[in-house]
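I am opening a fresh page for the ligands and the empty spaces in this one. My plan is to go ligand by ligand, then pocket by pocket, and to jot things down as I look them up.

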Amino acid sequence: MKEELNIDWAKLPFGYLRTDYNVRATFCDGKWSDIEVSDSETINIHMAATALHYGQEIFEGLKAFRGVDGKIRVFRMRDNARRLRESAEGLKMQPVPEDLFCEMVKKVVKLNERFVPPYGSGASLYIRPLEIGMTASVGVRTSSEYLFMILVSPVGPYFKTGFGLTNICIMREYDRVAPKGTGRWKVGGNYAASLGAGEHAHELGYSAVLYLDPKEKKYLDECGPANFFAIKDGKYITPASESILPSITNMSLQQIAKDMGIEVEARHIPVEELAEVQEAAACGTAAVASPIGEIDDLDNGTKYVIARDGKPGPVTTKLYNALRAIQLGEAPDIHGWNTIIE
Ligand code: PLP
Ligand code: COI
């Protein structure tokens, strides 16, 4: 009998909380193992493993929600499976078969069902798949053995303000990725490279850095661990760039916008165009859609005040509500994005 949970769901931060189980599979001798269910929080790894020395680590992030009907829904799991495969191909790692990924997601959610926050709490179950190179090697090369595992943790909002306004900044002294580098993949090293900039921004009172394209520093790229979009004269505009992560949340919001009759433009967005937008937000699995109040360009002192009335804008609010409604089973899932965990 498991101990009773004593979690204040509505006050959960975005963090790690121990749950009952995680799931694992290993790639060895040219094939993937059966799925192992574990209640251990640790793994056994060779000290010379390629993950530790040469950064062969990729991960994913997706969420499960308790719906209005009490059912558990996982959002767009196949898209995360595909993106993990693309990250693996990018780093010359062994791709995890998409069916195995999906089976493991379903299993780990089911096994930790009691940690899926209740409907109405605003919290969700964050699902974190990761794959690491396990082969011992001092030479720079890819692994022949891999560990793929999925842990879960109930979480609250990523930015402390939740669906309140948050301020971000532009600093040209930092890049998170190289122009033709690993930005389009979800690689641990990208986040290591962003820690200095992130800390600097936090010290100055901003919740994230809005990165510019690393080649010319002319165009908007993405916003810390999230994509960026803005509303300009009724249109949804978002950066098209090969150095950003193709956000599944952003793709979903674009589709929802189109369904509402809103025009969508994915294109280069020059920094100065920020002066012409009426709304802006950071979007991602963790961030959902976090409306931005102000964007400060710290290199030239320009302040782009986006939310002039101090409130999230109407289009961002409508898109956020529509996305949440699908995830929570309040609105029809017309695009087949949810997987119900039976
Ligand atoms: N960009 C970066 C750098 C991220 O880490 C994330 C989070 O996954 C996103 C964008 C948003 O992607 P998604 O909506 O698929 O979670
Ligand atoms: C996500 O939105 O899933 C992320 O990965 C963001 C961050 C916690 C790395």
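**Entry 1: ligand 2**

Which residues surround ligand 2? I am working with a predicted model, and in it I found F14, F59, G61, Y126, R128, Y158, K186, Y191, P225, T285 and A286 around this ligand. Sorted by class, that shell holds 7 nonpolar, 2 polar and 2 charged residues.

Next I looked up the polar contacts. The side chain of K186 places an N or O atom 2.7 Å from an oxygen atom of ligand 2. Backbone atoms take part as well: a polar one of A286 is 2.8 Å from a ligand oxygen, and a polar one of T285 is 3.5 Å from a ligand oxygen. Taken alone, ligand 2 has 280 Å² of accessible area, and the protein covers 89% of that.

**Entry 2: ligand 1**

I moved on to ligand 1, which has 16 residues around it. The closest of them are Y191, E222, S247, T249 and T285. Two elements, α6 and β15, each give at least two residues to this shell. Its make-up is 6 nonpolar, 6 polar and 4 charged residues.

Which side chains make polar contacts with oxygen atoms of ligand 1? I noted S247, with a polar side-chain atom 2.6 Å from a ligand oxygen. I also noted T249, whose side chain has an N or O atom 2.5 Å from a ligand oxygen. T285 joins them, with a polar side-chain atom 2.5 Å from an oxygen of the ligand. How much of ligand 1 does the protein cover? The answer is 97% of the 380 Å² of accessible area that the ligand has on its own.

I put a mark beside two names here. T285 is among the residues around ligand 2 and is also listed with those closest to ligand 1. Y191 likewise appears in the shell of ligand 2 and in the list for ligand 1.

**Entry 3: the largest pocket**

Where does each ligand sit? Ligand 1 is in the largest pocket, and ligand 2 sits in the largest pocket too.

I wrote down a volume of about 890 Å³ for this pocket. Its lining counts 38 residues, and Y158, Y191, G224, P225 and A226 are the ones nearest the centre. The elements that contribute two or more lining residues are β7 (124-133), α4 (188-192), α5 (195-203), β10 (208-212), α6 (248-259) and β15 (279-284). Which element gives the most? That is α5, with 4 residues. By class I have 17 nonpolar, 14 polar and 7 charged residues in the lining.

Y158, Y191 and P225, from the list nearest the pocket centre, are also names I had written down around ligand 2.

**Entry 4: the second largest pocket**

This pocket holds about 260 Å³ of space. There are 19 lining residues, and G122, P157, G162, F163 and Y320 are the closest to the centre. Both β16 (288-297) and α7 (314-327) supply at least two residues of the lining; β16 has the largest share, 3 residues. The classes come out as 11 nonpolar, 6 polar and 2 charged.

**Entry 5: closed spaces**

How many cavities of 30 Å³ or more are there? I have 2.

The largest cavity contains about 130 Å³ of space. It is lined by 16 residues, with K63, F75, T249, T285 and Q327 closest to the centre. Elements giving two or more of the lining residues are β5 (62-66), α2 (77-90), α6 and α7. The lining has 6 nonpolar, 6 polar and 4 charged residues. T249 and T285 catch my eye, as both line this cavity and both are listed with the residues closest to ligand 1.

For the second largest cavity I noted about 50 Å³. The lining residues are D175, R176, V177, Y211, L212, P214, D221, E222, S243 and I244. Two or more of them come from each of β10 and β11 (220-223). I count the classes as 5 nonpolar, 1 polar and 4 charged. E222 is another one to flag, since E222 lines this cavity and is listed with the residues closest to ligand 1.

Technical notes: Residues are numbered from 1 along each chain as its sequence is written. Chains are lettered from A and ligands numbered from 1 in the order in which they are written. This is a predicted model: local features need pLDDT of at least 70, side-chain atom pairs count only at pLDDT 80 or more; totals for chains, interfaces and linings use all residues. Side-chain values use heavy atoms; hydrogens and water are left out. A residue is near a molecule or strand if one of its heavy atoms lies within 4 Å of it. A polar contact is a pair of N or O atoms within 3.5 Å; within protein, one must be able to donate a hydrogen and the other to accept it, and residues adjacent in sequence count only if both atoms are side-chain atoms. Accessible areas come from the Shrake-Rupley method with a 1.4 Å probe; for residues, only the protein chains shown count as cover. On a 1 Å grid over the protein atoms alone, a cavity is a set of points where a 1.4 Å probe fits but cannot get out, and a pocket is an open set with protein on both sides within 12 Å along at least five of seven lines; lining residues have an atom within 4 Å of a point. A molecule sits in a cavity or pocket if more than half of its atoms lie within 2 Å of its grid points. Ala, Val, Leu, Ile, Met, Phe, Trp, Tyr, Cys and Pro count as nonpolar, Asp, Glu, Lys and Arg as charged, and the others, Gly among them, as polar. Grid points are joined across faces, edges and corners, and a volume is the space filled by probe spheres set on the points.
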